[in-house]
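Biologist: Could you take me through this model? I should like to begin with one residue and then move to the overall fold.

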Amino acid sequence: MKKESIKLTVAQRQSIEQILSKGKALAWTLKHAQVLLKVDRGPQGPGWSTSQVVEAYEVSRSTVERIC
């Protein structure tokens, strides 16, 4: 089942970016944060496709779908 596109608010995006900038979280948390920022279809997000994320971050398609 395909979910709606992810559109992060400015506050959500800043919160995720803050997690990444600290770099002190579990590896899977950092990976999920990176994926969320890339699939964001909001005004500040690049809106990557699932295929682009799978290739760039070496995660499975199901992982991307589960995160989103």
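Modeller: Certainly, with the reminder that this is a predicted model. A serine makes a convenient start: S51 is partly exposed, because its relative accessibility is 42%, and the cut-offs for that class are 20% and 50%.

Biologist: Which helix does S51 lie in?

Modeller: S51 belongs to helix α3, which covers residues 50-57.

Biologist: What does the side chain of S51 make a polar contact with?

Modeller: The partner is the side chain of R61, at 3.1 Å.

Biologist: And how many Å separate the C-alpha atoms of S51 and D40?

Modeller: Those C-alpha atoms are 14 Å apart, and the two residues are separated by 11 residues along the chain.

Biologist: Let us turn to the interior. How many residues has the largest nonpolar core?

Modeller: That core has 13 residues. Those with the most contacts inside it are L8, I16, V35, V39, V53, V59 and V64.

Biologist: Which elements give two or more residues to this core?

Modeller: They are α2 (27-39), α3 and α4 (61-67). Helix α2 provides the largest share, 5 residues. As a general point, nonpolar side chains tend to be buried together in soluble globular proteins.

Biologist: I16 is on that list. What does I16 touch, leaving aside residues up to four places away in sequence?

Modeller: I16 touches L8, A33, L36 and L37.

Biologist: Now helix α1. How far does α1 reach from its first C-alpha to its last?

Modeller: Helix α1, residues 10-22, reaches 18 Å over its 13 residues, which is close to the 18 Å expected at 1.5 Å a residue.

Biologist: Which residue follows α1?

Modeller: G23 follows α1, and its phi is positive, near 70 degrees.

Biologist: To the whole chain, then. How many helices and strands does it have?

Modeller: The protein chain has 4 helices and 0 strands, and its pattern along the sequence is α-α-α-α. The radius of gyration is 11 Å, close to the 11 Å that the globule rule gives for 68 residues, so the chain is as compact as a globular protein of that length. Its C-alpha atoms fill a box of roughly 30 × 25 × 20 Å along the principal axes.

Biologist: What percentage of the residues is buried?

Modeller: Buried residues make up 29% of the 68. The accessible surface is about 4,900 Å², with 52% of it belonging to carbon and sulfur atoms.

Biologist: And what share of the contacts with a separation of 6 or more comes from residues 24 or more positions apart?

Modeller: Such residues account for 41% of those contacts in the protein chain.

Note on methods: Residues numbered from 1 in each chain as written. Predicted model: local features only at pLDDT ≥ 70, side-chain atom pairs only at ≥ 80, totals over all residues. Heavy atoms only, no water. Expected span 1.5 Å × (residues − 1). Buried < 20%, exposed > 50% of the residue type's maximum accessible area, 1.4 Å probe, protein only. Polar contact = N/O pair within 3.5 Å; in protein donor to acceptor, adjacent residues only side chain to side chain. Core = buried A, V, L, I, M, F, W, Y, C linked by side-chain atoms within 4.5 Å. Contact = heavy atoms within 4.5 Å. Rg over C-alpha atoms; globule rule 2.2 N^0.38 Å. Areas by Shrake-Rupley, 256 points an atom, 1.4 Å probe, with all protein chains shown as cover.
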